[in-house]
Amino acid sequence: MQERLSPLSRALRPKVVSRVVAAVLCYSTSSIVVAADDSLWDIPLEELGQIRVVSIASGTETPLDKAAAITSVINADDIAAMGATDLDQVLETVPGLHVNHSDQAFSPKYVFRGITSSNNPQALMLINGIPVTTMMYGNRSNAWGGMPVKAIERIEVIRGPGSALYGADAYSGVINIITKGPESVDGQTIGGRVGSFDTRGGWLESGHQIGDIGMSMILEYQTTDGWRETVERDAQTNLDEMFGTSASLAPGPVNTGVDQLDARFEAGGEQWTFRAGLQDRSNLGTGPGVAQALDPEGEFSSRRINADFGYRWPDIVDSLDVEARISYFNITQEPENDIVLYPPGAFSGDFPEGLIGSPGYKENQARFDLSAIYRGFTNHRIHTGVGGLWADLYEVTERKNFNPDFSPKGRVVDVSGDPTEVWMPEEDRNNYYVFVQDEWQFAQNWQLVSGIRFDDYSDFGNAVNPRAALIWATTDTITTKLLYGRAFRAPSLNELYVANNPVTMGNTDLGAETIDTFEIAVSHQLNAQLFYGINLFYYEIDDLITAVAVTGPVSQEYRNSEERTGHGGEIELSYSPVDEVKLTANYAYQKSTDERNNSGVGEAPNHQLYGRMEWSVSPIWKLATQVNWVGEQKRVASDPRSPVDDYATVDLTLRAVDVLPDWTLSFAVKNLFDEDVRDPSPYADPVPAIPNDFPMPRRQVVGELQYRF
């Protein structure tokens, strides 16, 4: 995705590209440290931005086509043009990344290149370079509740491994969300939103400069009843047919309402930055039901609090830059009322008030990172780092009316603190790491980036992850890259220790999942108007963690049981035939294979196609339309159902910028033609709980109005 260029910028473009090609071969592509060698980077940021820069592949700003990974960048202007109000709507436009939804409160699954699983721990999400991963499930939490976009400055995405820099869970891909800071929040902005599903919200942005210190604050609030599309059959329907009961609430609507409160604060000086954030979710519906039996009243709350402080010492000694950062992350998930797993009358009347199980947990994390870049060697830049993570699952709660063998208790009992009853013991985890990376310009147009990282965990062992990237500035406008990387996924605490669960038990003998990925990429800035890129990939997965059927009172146990391979490619195109029109498109193909039975993995599309046109009708009015086609999604080998049908959604966004002085108006229609979109539901033998899959939102209308002062 390329930024729009002014006529002056178009005239300068060939000069800029040539200078960047020469400069980037000596520039760091792997650092947390922001400082750069000014003798190499004499290009103004305004010009550099014209060819897009990315920091996720390295931590420092690098031209997108020279990054040591396959990357995408989406900035705030792109987000506004597509009319997105939530992060998931933005990520669905990234080639090779598809957003599916879990059976757990419809929490999003970010499926990179066909790599999918129930809780989706293989995709790492960062906010300002810091993981927001729960140790409990290894994902962003099952009570995610969405993420609004007004505080986002840009989103950087790696498709492929990133563990050599980011450690655990940077496995199938990495998503780094960079929030707005004092440099991008100028003055005050206030806005409001109304839309379908009884959606209402508002936001406030404020930025100030006090001497050498810049400060910014962003508040966002939204409440929605959520889409209430109908589930025709659910898990209780199957039980009714088995026991001759009629307890199921299906056909009935999914439960997708949520209240969101997000707050971001940032302050910084020349060498330091402090950030703090709050993501509060309340009245979060259970989607199709926690056990895939409709639960129209069940609701969770979740609170995520983060803070970090970083300090930089540029040139602390000759040719050496150092940065230190400490961060804190707290996450909670608590039921707001009793969660009904199966409705009243389930199991032949053994549970007259329904089968009730209401789990909760609270988790603390603290991190310390110290990194350095040394530029004193000719044609080399050495990047090193050490750090640690301390995570504590300090409170686990549960209310339920059944025993570990599923027999009824006769009433709802709080079993928190009882190790023979509660669903999860309170555990902790420590992780220490060290890495080193060398960037070597061994010829005028060649650079080799190589590195390795060692991680040691207190609960499952260690992992070693190397990477290598050979970058060739083939011509002034063509770049070729050969990439290799190994990544790992740490077992979640749930997979290691879950207990008193009549369905699945943990396994303390688990090791890490690993993946080896090979990639080749070519990008070509044909002229100032046209850019395209092509990349191919192949990966091998070992020791994938899945729930395996076992004999005994518990039917499944987590084990390192699968091997997978995958291959495919992605094509990206950006074209501006005239200054007023910008076209963006991408296509992705993938095929993933379960090596145990030589069958397709399923539950992810093999083909995706996306296109967007932005048209500046006038200096005030902007019109954008986008089309997203998702190919059919095949089933796992044991699932006899037909594939999930392909679908195409069309969105329209009309914006008026400064329609009155400092006023901006936006009107968007999502899924214009009211397509029936379904996400695959998991399979259960002999009958899936929800056989007709998960219904996604139909047509939506959203209007926004904001004022800057």
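**View A. An aromatic cluster in the predicted model.** In this predicted model, one aromatic cluster is formed by Phe 243, Tyr 342, Phe 347, Phe 351, Phe 402 and Phe 406. The count of aromatic pairs comes to 23, and two of these pairs are shown in the next view.

**View B. Two aromatic pairs, one stacked and one tilted.** The ring centres of Trp 272 and Phe 309 are 6.2 Å apart and the ring planes stand at 25°, so this pair is classed as stacked. Because Trp 272 belongs to strand S16 and Phe 309 to strand S17 (residues 299-317), the pair ties together parts that are 37 residues apart in sequence. Both rings belong to partly exposed residues, with a relative accessible area of 25% for Trp 272 and of 33% for Phe 309. In the other pair, the rings of Tyr 484 and Phe 518 have centres 5.1 Å apart and planes at 40°, so the pair is tilted. Tyr 484 lies in strand S26 (residues 478-489) and Phe 518 in strand S28 (residues 513-525), so that distant parts of the chain, 34 residues apart, are linked by this pair. Tyr 484 is partly exposed at a relative accessible area of 25%, and Phe 518 is likewise partly exposed, at 40%.

**View C. Arginine charges over aromatic rings.** The charged end of Arg 113 sits over the ring of Phe 537, at 4.2 Å from the ring centre. In a second such arrangement, the charged end of Arg 453 sits over the ring of Tyr 433, at 3.9 Å from the ring centre.

**View D. Strand S15 and its two antiparallel partners.** Of the eleven residues of strand S15 (residues 258-268), nine are buried, so the strand is largely enclosed by the rest of the structure. Strand S12 (residues 213-224) runs antiparallel to S15 and is joined to it by eleven bridges, with Gln 222 standing opposite Gln 260 of S15. Strand S16 (residues 272-285) also runs antiparallel to S15, through ten bridges, and here Phe 265 stands opposite Ala 276 of S16. The connection from S15 to S16 is a hairpin of three residues.

**View E. The largest nonpolar core and a second, separate one.** The largest nonpolar core holds 44 residues, and those with the most contacts inside it are Leu 87, Leu 91, Tyr 110, Ile 155 and Met 424. Strand S21 (residues 380-402) supplies the largest share of this core, namely four residues. Beyond its neighbours within four places in sequence, Tyr 110 is in contact with several residues, including Leu 87, Leu 91, Val 99, Arg 140, Trp 144 and Ile 175. A second, separate core has 13 residues, among them Ala 293, Ile 339, Leu 355 and Phe 402.

**View F. Surroundings of Ser 206.** Ser 206, which lies in strand S11 (residues 199-210), has a relative accessibility of 11% and therefore counts as buried, the cut-off being under 20%. The side chains of Ser 206 and Gln 188 are joined by a polar contact of 3.0 Å. Leaving aside neighbours within four places in sequence, the contacts of Ser 206 are Val 185, Gly 187, Gln 188, Met 215, Ser 216 and Met 217.

**View G. Surroundings of Phe 667.** Phe 667 lies in strand S36 (residues 663-670) and, at 44% relative accessibility, counts as partly exposed. Not counting residues up to four places away in sequence, Phe 667 touches Leu 652, Thr 653, Leu 654, Val 701 and Val 702. Phe 667 and Leu 652 are 15 residues apart in sequence, and their C-alpha atoms are 8.3 Å apart in space.

How values were computed:
Residues numbered from 1 in each chain as written. Predicted model: local features only at pLDDT ≥ 70, side-chain atom pairs only at ≥ 80, totals over all residues. Heavy atoms only, no water. Buried < 20%, exposed > 50% of the residue type's maximum accessible area, 1.4 Å probe, protein only. Polar contact = N/O pair within 3.5 Å; in protein donor to acceptor, adjacent residues only side chain to side chain. Contact = heavy atoms within 4.5 Å. Core = buried A, V, L, I, M, F, W, Y, C linked by side-chain atoms within 4.5 Å. Pairing = 2+ DSSP bridges. Phe/Tyr/Trp six-rings, centres within 6.5 Å; stacked < 30°, edge-to-face > 60°. Lys NZ or Arg CZ within 6 Å of the ring centre and 35° of its normal.
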